[in-house]
Amino acid sequence: VALDVETGGVLAMVGGYDFDESPFNRIMQAKRQPGSGLKPLIYAQALDKELVTAATLITDAPKAFYDPGTEEYWRPRNHTRKFLGDITLRHCLRSSINTCTITLLEMLGIDTFLNLAKEVELIRPQTPFPRNLTIALGSAEVFPIDLANAMRIFPRQGSYTPYHMINKVSRPEGEAIETT
């Protein structure tokens, strides 16, 4: 899916390979785990709240996080299975370091991030987010169009608007009946 950054209009969308064989629109109807796709939102919110700067050092090391929902400890690791020690936030984001993102979400607070996710309409009745630190690694499910739309806040300097599918409805002669 491609959205117009300014207007939120859908420019292009491929929801499947053949509508006759499968009318299910994966962009609008399929719930997907975004993985690292949520990380920019976590970093941006922590920067916006002035909890960190790009030069802040975060320790990338093995750590156990307590999950009150399961009453168990969770020991995430990075995709490289290596830990880098003290590294800058800039390095954490650039390299998509899992443990740093989890630490950042922990600093930010899950509820603070969940409020942002609601504001940018990632959280909907069909896509509730878990209330735990695994959301830092994209464990929640989102609709692809919602994630694409949420990312529009970056070029829009933090401003969110909903996406839309139709720009105008016209009469056969070309006269606009309704426009957005």
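**Figure 1. Tyrosine 163 and its neighbours in the predicted model.** Let's start with tyrosine 163, which sits in the loop between α6 and β7. Everything here comes from a predicted model, so keep that in mind as you look around. Which residue, 153 positions away along the chain, has its C-alpha atom 7.0 Å from that of tyrosine 163? That residue is valine 10. If you skip residues up to four places away in sequence, tyrosine 163 touches Leu3, Gly8, Val10, Met28, Arg124, Ile145, Asp146 and Asn149. Two names on that list, Arg124 and Asp146, come back in the next view.

**Figure 2. A network of salt bridges around Asp146.** Three residues, Glu121, Arg124 and Asp146, are joined up in a network of salt bridges. Zoom in on one pair: arginine 124 bridges to aspartate 146, and their closest N and O atoms are 2.7 Å apart. Arginine 124 belongs to the loop between α5 and α6, while aspartate 146 is part of helix α6, so this bridge ties together parts that are 22 residues apart in sequence. Are the two partners buried or exposed to some degree? Aspartate 146 has a relative accessible area of just 3%, so it counts as buried. Arginine 124 comes in at 25% and therefore counts as partly exposed. Both residues also touch tyrosine 163 from the first view.

**Figure 3. Glutamate 6 reaches arginine 156.** Here is another salt bridge, this time between glutamate 6 and arginine 156, with the closest N and O atoms 3.7 Å apart. How many residues lie between these partners along the chain, counted as their separation? They are 150 residues apart, and the pair links distant parts of the chain. Glutamate 6 is in the loop between β1 (2-3) and β2 (10-12), and arginine 156 is in the loop between α6 (144-150) and β7 (168-170). The two ends of the bridge get separate labels: glutamate 6 is exposed because its relative accessible area is 55%, and the cut-off for exposed is over 50%. Arginine 156 has 16%, so it falls under the 20% limit and counts as buried.

**Figure 4. Arginine 131 pairs with aspartate 111.** In this view, arginine 131 and aspartate 111 form a salt bridge, and the closest N and O atoms are 3.0 Å apart. Arginine 131 is in the loop between α5 (110-119) and α6, aspartate 111 is in helix α5, and the two are 20 residues apart. With a relative accessible area of 41%, aspartate 111 is partly exposed. If you'd like the full tally, a search of the whole structure turns up 6 salt bridges.

**Figure 5. Asparagine 98 and its polar contact.** Asparagine 98 is in helix α4, which covers residues 98-108. Which residue's side chain makes a polar contact with the side chain of asparagine 98? It's lysine 39, at 2.6 Å. Lysine 39 also appears among the residues that asparagine 98 touches, along with Arg77, Asn78, His79 and Leu137, once residues up to four places away in sequence are left out. Asparagine 98 has a relative accessibility of 13%, so it counts as buried.

**Figure 6. Threonine 56, just ahead of a strand.** Threonine 56 is in the loop between α2 (39-48) and β3 (57-60). A polar atom of its side chain lies 2.8 Å from the backbone nitrogen of threonine 53. Leaving aside neighbours within four places in sequence, threonine 56 is in contact with Ile87, Thr88 and Leu89. Its C-alpha atom is 8.1 Å from that of arginine 90, although the two are 34 residues apart along the chain. With 23% relative accessible area, threonine 56 counts as partly exposed.

**Figure 7. Zooming back out to the whole protein.** Now let's step back from the close-ups. The protein has 6 helices and 8 strands, and from the N terminus on they run β-β-α-α-β-β-β-β-α-α-α-α-β-β. Its C-alpha trace spans about 65 × 35 × 25 Å along the principal axes. Of its 180 residues, 36% count as buried. What share of the contacts with a separation of 6 or more comes from residues 24 or more positions apart? The share is 60%.

Key. Residues are numbered from 1 along each chain as its sequence is written. This is a predicted model: local features need pLDDT of at least 70, side-chain atom pairs count only at pLDDT 80 or more; totals for chains, interfaces and linings use all residues. Side-chain values use heavy atoms; hydrogens and water are left out. Helices (H or I, at least four residues) and strands (E, at least two) are DSSP runs, numbered from the N terminus. Buried means under 20% relative accessible area, exposed over 50%, partly exposed in between (1.4 Å probe, protein chains only). Contact means heavy atoms within 4.5 Å. A polar contact is a pair of N or O atoms within 3.5 Å; within protein, one must be able to donate a hydrogen and the other to accept it, and residues adjacent in sequence count only if both atoms are side-chain atoms. A salt bridge is a side-chain nitrogen of Lys or Arg within 4 Å of a carboxyl oxygen of Asp or Glu.
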